[in-house]
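The following note is offered to a colleague who is meeting this structure for the first time. Its points are numbered so that each may be checked against the display.

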Amino acid sequence: MTTAYTLSGLILLALWLLGLAAGAFALFHAVRQRPDAFTAVDKLSKPIWVGILVAAVLIMFLARSVVSLFGLVSVVAICVYLVDVRPRVDEVQRGPRW
């Protein structure tokens with residue numbers, strides 16, 4: 001029975017570390033982008049996204065869990081940035097491919 005608890009604990013630890021790493025990557029990416037790229041793709045401004053991502057990473061770090069309410073909200077915010085905002089910001093800065 002203790003191996004089940006140990007296994008679930010390891011899975012939750014791996015998910016927490018993955019979420020923390022994704023948040024750090026998203027924050028690093030957001031800080032390095034031009035401010036006008038965010039408004040060019042009709043997204044929130046750069047300072048707002050940086051603030052959201054800083055709060056998400058801090059909450060992930062302090063909560064030490066992805067299954068808490070704040071941990072889940074942080075993961076959703078990070079995923080929204082990585083899946084929706086990041087590709088569009090990269091695309092507008094890269095320009096046309098041909």
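1. In this predicted model, Asp36 and Arg34 are joined by a salt bridge, with their closest N and O atoms 3.0 Å apart. Asp36 has a relative accessibility of 42% and therefore counts as partly exposed. Arg34 is likewise assigned to the partly exposed class, because its relative accessible area is 42%. As general background, side chains of opposite charge can pair when their charged atoms come close.

2. A further salt bridge is found between Lys43 and Asp84, where the closest N and O atoms are 2.7 Å apart. This pair links distant parts of the chain, since its members are 41 residues apart: Lys43 belongs to the loop between α2 and α3, while Asp84 belongs to helix α4, residues 69-94. Lys43 counts as partly exposed because its relative accessibility is 22%, and the limit for a buried residue is under 20%. Asp84 is also partly exposed, at a relative accessible area of 28%.

3. Asp84 takes part in another salt bridge, this one with Arg88, at 3.9 Å from N to O. The two residues are four positions apart in helix α4, so about one helical turn separates them. Arg88 has a relative accessibility of 41% and is therefore partly exposed. Together, Lys43, Asp84 and Arg88 form a linked network of salt bridges. The count of salt bridges in the model comes to four.

4. Which residue has a positive phi although it is not a glycine? The residue is Asp42, whose phi is about 55°. The general expectation is otherwise, because most residues other than glycine have a negative phi. Asp42 is located in the loop between α2 (35-40) and α3 (46-63). Its relative accessibility is 71%, so Asp42 counts as exposed, a class that begins over 50%. The reader may wish to view this loop together with Lys43, which is placed in the loop between α2 and α3 as well.

5. A nonpolar patch of about 560 Å² is present on the surface. Its members are Leu7, Ile11, Leu12, Leu15, Leu18 and Val67. Of these, Ile11 may serve as an example: Ile11 is part of helix α1, which covers residues 2-32. With a relative accessibility of 45%, Ile11 is classed as partly exposed.

6. Is Ser74 buried or exposed? Ser74 is buried, because its relative accessible area is 3%, where the buried class requires under 20%. This residue is situated in helix α4. Leaving aside residues up to four places away in sequence, Ser74 touches Ala56, Ile59 and Met60.

7. Two remarks concern aromatic rings. The charged end of Arg64 sits over the ring of Phe61, at 5.3 Å from the centre of that ring. As for pairing between rings, the count comes to one aromatic pair.

Terms used: Residues numbered from 1 in each chain as written. Predicted model: local features only at pLDDT ≥ 70, side-chain atom pairs only at ≥ 80, totals over all residues. Heavy atoms only, no water. Patch = residues over 30% accessible without salt bridge, like charges linked within 9 Å, V, L, I, M, F, W, Y side chains within 5 Å. Areas by Shrake-Rupley, 256 points an atom, 1.4 Å probe, with all protein chains shown as cover. Salt bridge = Lys/Arg side-chain N within 4 Å of Asp/Glu carboxyl O. Buried < 20%, exposed > 50% of the residue type's maximum accessible area, 1.4 Å probe, protein only. Phe/Tyr/Trp six-rings, centres within 6.5 Å; stacked < 30°, edge-to-face > 60°. Lys NZ or Arg CZ within 6 Å of the ring centre and 35° of its normal. Contact = heavy atoms within 4.5 Å.
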